[in-house]
2 protein chains.
Amino acid sequence: MKVLIEDIRNKFSLKGLKITPQRVVILEAIYKLNNHPTADNIIEYIRELQPNIATGTVYKVLDTLVENGLIKKVTTDKDVMRYDGIIENHHHLYCSECDLIEDYKDEELDKLLHNHFKNKKIEGFKIEDIVLQIRGTFNKC
Amino acid sequence: MKVLIEDIRNKFSLKGLKITPQRVVILEAIYKLNNHPTADNIIEYIRELQPNIATGTVYKVLDTLVENGLIKKVTTDKDVMRYDGIIENHHHLYCSECDLIEDYKDEELDKLLHNHFKNKKIEGFKIEDIVLQIRGTFNKC
DNA sequence: TTCTTATTAAAGAATAATTCTCATTAAGGA
DNA sequence: TCCTTAATGAGAATTATTCTTTAATAAGAA
């Protein structure tokens, strides 16, 4: 994935966030490490560029990015949080054999869901968004 | 929810698991504490009946129950695991305002999904099951 | 450009959830 | 009932994450 630093800086500006080297390098890492990295994956990756970045800083920055809608958390049944740089609505393929989580986009499916819930309201609940967790196995696994 | 101890003992027998008071009381707790309890919720609940149960035992038993398909893990974006005593396929309503997670069953939806993915295969991936994470807010929250 | 100030980061201690180790106990078959 | 093996208790250890304090720095103002 081609990641332009200038784009990243812009995103921070638009949200009124200060542009710090730590923030830039962390968001860049999430974009480059496609497959839903953990905080630890990110730390390992950026140590090369920013050897002195503090662990606490990474967690703090990740929180800030989530709060400002620049990244999302990915839910798993493990006790390590994973992050997603793609904020447009999409679904996830979870592998039963390994820790791989792949993105799955399907407009037809989204239309189907949209229609279904347009007609069928859920009593006492207002839907904000829907993410499918599709569990299965990749051929390669 | 009415929970019969005899049913619980049967479930263990069917899986070839030894019937211990700890296992019985933990599975019973999960059935009674409807809303997807954490390990801590369970410990707190069962301390009344089994004051000496060890924390490690609870986690061990929960693992065993999951491995044997008697309960499921519920994924969240928090770092505490939650458990679900309902093993039949169903979906979840996640509240944005609080920690409430409610079950959502919808056969019509399941048929829709089944049809959709019968026609539209995902390249290189074999689907085992699909859970919808429906995020939104409950009126009461 | 330099100054000012609030915000952010570093460092490492603290916490919380979960796992591990090992001695003890108990379930279930013989 | 006894024996074997698996499960539990107790608490230490680990791991991911958060918190606290102090020092550094980004960004707007002068």
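**Inter-chain sheet and DNA contacts in a predicted two-chain model**

Within β4(B), Glu102(B) serves as the bridge partner of Leu93(B). In this predicted model, the pair belongs to an antiparallel arrangement in which strand β3 of chain B, residues 91-95, joins β4(B) through four bridges. On its other flank in the sheet order, β3(B) is followed by β5(B), and these two strands run parallel to one another, again with four bridges. Tyr94(B) is placed opposite Arg135(B) of β5(B).

The strands of both chains contribute to one open sheet. Six strands are arranged in the order β4(A)-β3(A)-β5(A)-β5(B)-β3(B)-β4(B), and the pairing is mixed. The edge positions are taken by β4 (101-104) of chain A and β4 (101-104) of chain B; each has a single partner strand, so one side of each lacks a neighbour in the sheet. From one strand to the next, the twist averages 30°. At the junction of the chains, β5(A) and β5(B) are paired in the antiparallel sense over 13 bridges. Within this pairing, Gln133(A) faces Val131(B) of β5(B).

A helix from each chain packs on the sheet. Helix α5 of chain A, residues 107-119, touches β3 (91-95), β4 and β5 (125-138) of chain A as well as β4 and β5 (125-138) of chain B, and its direction makes about 140° with that of β5(A). Helix α5 of chain B, also spanning residues 107-119, touches β3, β4 and β5 of chain B together with β4 and β5 of chain A; the angle between its direction and that of β5(B) is about 140°. Each α5 helix therefore touches strands of both chains, where contact means heavy atoms within 4.5 Å.

The contact between the chains involves 36 residues from chain A and 35 residues from chain B. About 3300 Å² is buried between the two chains, with 59% of this area on carbon and sulfur atoms. On the side of chain B, Thr75(B), Phe125(B) and Gln133(B) provide 17% of the area buried against chain A, more than any other three residues.

Chain A comprises five helices and five strands. Its elements follow the sequence α-α-α-α-β-β-β-β-α-β from the N terminus on. Along the principal axes, the C-alpha atoms of chain A fill a box of roughly 50 × 40 × 30 Å. The loop that lies between α4 and β1 (72-74) of chain A contains Asn68(A). A polar atom in the side chain of Asn68(A) is 2.8 Å from the backbone oxygen of Thr64(A). Beyond its neighbours within four places in sequence, Asn68(A) is in contact with Lys15(A) and Leu17(A). The C-alpha atoms of Asn68(A) and Phe12(A) are 9.1 Å apart, although 56 residues separate the two along the chain.

Two DNA strands are present in the model, and both chains contribute residues around each of them. DNA strand C is surrounded by 19 residues, of which Thr20(A), Gln22(A), Thr57(A), Ile19(B) and Tyr59(B) come nearest. Of the atoms of DNA strand C that come within 4 Å of the protein, 82% are accounted for by sugar and phosphate. Polar side-chain atoms of chain A approach this backbone at several points. The side chain of Gln22(A) places an N or O atom 2.7 Å from a sugar or linking oxygen of DNA strand C, and a polar side-chain atom of Lys18(A) is 3.1 Å from an oxygen of that class. For Arg23(A), a polar side-chain atom lies 3.0 Å from a phosphate oxygen of DNA strand C. At least two residues of the surface near DNA strand C come from each of α2 (21-32) and α4 (55-67) of chain A and α4 (55-67) of chain B. This surface consists of nine nonpolar, five polar and five charged residues.

Around DNA strand D there are likewise 19 residues, with Ile19(A), Tyr59(A), Thr20(B), Gln22(B) and Arg23(B) coming nearest. Sugar or phosphate contributes 85% of the atoms of DNA strand D within 4 Å of the protein, and bases contribute the rest. Phosphate oxygens of DNA strand D lie 2.5 Å from a side-chain N or O atom of Tyr59(A) and 2.7 Å from one of Thr20(B). A sugar or linking oxygen of DNA strand D is 2.8 Å from a polar side-chain atom of Gln22(B). Two or more residues of the surface near DNA strand D are given by α4 of chain A and by α2 (21-32) and α4 of chain B. By class, the surface near DNA strand D has nine nonpolar, five polar and five charged residues.

Technical notes
Residues are numbered from 1 along each chain as its sequence is written. Chains are lettered from A and ligands numbered from 1 in the order in which they are written. This is a predicted model: local features need pLDDT of at least 70, side-chain atom pairs count only at pLDDT 80 or more; totals for chains, interfaces and linings use all residues. Side-chain values use heavy atoms; hydrogens and water are left out. Two strands pair if DSSP finds at least two bridges between them. Axes are lines fitted to C-alpha atoms, for helices over the stretch in contact, and angles run from 0 to 180 degrees between N-to-C directions. A residue is near a molecule or strand if one of its heavy atoms lies within 4 Å of it. A polar contact is a pair of N or O atoms within 3.5 Å; within protein, one must be able to donate a hydrogen and the other to accept it, and residues adjacent in sequence count only if both atoms are side-chain atoms. Ala, Val, Leu, Ile, Met, Phe, Trp, Tyr, Cys and Pro count as nonpolar, Asp, Glu, Lys and Arg as charged, and the others, Gly among them, as polar. Buried area is the accessible area (1.4 Å probe) that two parts lose on being put together, summed over both.
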